[in-house]
Amino acid sequence: MNPRRDTRNSRAALFDGIEEGGIRASSYTSHEIDEHENERAIDGLQDRVNLLKRLSGDIHEEVDSHNRMLDRMGNDMDSSRGVLSGTMDRFKTVFETKSSRRTFTLVASFVVLFLVVYYLTK
């Protein structure tokens, strides 16, 4: 083997990629690398946007279901308010008539008498 040729081959292998005046351009240009990184960043942002879109859709569905529940509760409260006001009107009518007042007094006195007798016999 020729020692001079081996030196030249090892030197070529050592400085492969370096030309006179600087480094030889690689197969990818800086622009292509930037484009690739931008594509990856866009893909990441697209995934995040899709996730946020699904989350906002879920929040919208939850808010709609809560609004429906609140509407039903409001309607139930209105109906119970109507029932309660009807009952109060009946009590007012009972207490306004004198015969009803006497009947109420008689029933109340029997209930009190029953409770007193019950506790005394116990």
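Val 94 lies in helix α2, where helices are DSSP runs of H or I with at least four residues, strands are runs of E with at least two, and both are numbered from the N terminus. At 33% relative accessibility, Val 94 counts as partly exposed, a class that sits between buried, under 20% relative accessible area, and exposed, over 50%, with a 1.4 Å probe and protein chains only. Setting aside neighbours within four places in sequence, Val 94 is in contact with Ser 100 and Arg 101; contact here means heavy atoms within 4.5 Å. The C-alpha atoms of Val 94 and Phe 104 are separated by 8.4 Å, and these two residues are 10 apart along the chain.

Before going further, a word on what you are looking at. This is a predicted model, in which local features need pLDDT of at least 70 and side-chain atom pairs count only at pLDDT 80 or more, while totals for chains, interfaces and linings use all residues. Residues are numbered from 1 along each chain as its sequence is written, and side-chain values use heavy atoms, with hydrogens and water left out.

Val 94 also belongs to a nonpolar patch on the surface, together with Leu 84, Met 88, Phe 91, Phe 95 and Phe 104, and the patch has about 570 Å² of accessible area in total. Patches are made of residues with over 30% relative accessible area and no salt bridge, with nonpolar side chains (Val, Leu, Ile, Met, Phe, Trp, Tyr) joined within 5 Å and like charges within 9 Å. The areas come from the Shrake-Rupley method with a 1.4 Å probe, and for residues only the protein chains shown count as cover. Helix α2 (residues 30-96) supplies the largest share of the patch, 5 residues. One of the patch members, Leu 84, lies in helix α2 and is exposed, with a relative accessible area of 53%.

Staying on helix α2, you can find the 1 salt bridge that a search of the whole structure gives. Asp 78 forms this salt bridge with Arg 81, with the closest N and O atoms 3.2 Å apart; the term requires a side-chain nitrogen of Lys or Arg within 4 Å of a carboxyl oxygen of Asp or Glu. Asp 78 and Arg 81 are 3 residues apart in helix α2, so about one helical turn separates them. Asp 78 is partly exposed at 46% relative accessibility, whereas Arg 81 is exposed at 55%.

Now for the aromatic rings. A pair of aromatic rings is described by the distance of the centres and the angle of the planes. Rings of Phe, Tyr and Trp (its six-membered ring) pair if their centres lie within 6.5 Å; planes under 30 degrees apart count as stacked, over 60 as edge-to-face and the rest as tilted. The whole structure holds 2 aromatic pairs. Phe 114 and Tyr 118 form a stacked pair, 6.4 Å centre to centre with 20 degrees between the planes. Because they are 4 residues apart in helix α3 (residues 98-121), Phe 114 and Tyr 118 are separated by about one helical turn. Tyr 118 and Tyr 119 form an edge-to-face pair, 5.7 Å centre to centre with 70 degrees between the planes. Ring pairs thus link Phe 114, Tyr 118 and Tyr 119 into a cluster. Phe 114 is exposed at 57%, Tyr 118 is partly exposed at 41%, and Tyr 119 is exposed at 60%.

Stepping back to the chain, its secondary structure comes to 3 helices and 2 strands, following the pattern α-β-β-α-α along the sequence. Buried residues make up 1% of the 122 residues. The accessible surface comes to about 11900 Å², of which 60% belongs to carbon and sulfur atoms. The average pLDDT, the predictor's confidence in each residue from 0 to 100, is 79, and 75% of the residues score at least 70. Over residues 17-25 pLDDT stays under 50, and the model has 6 contacts beyond four places in sequence for them.
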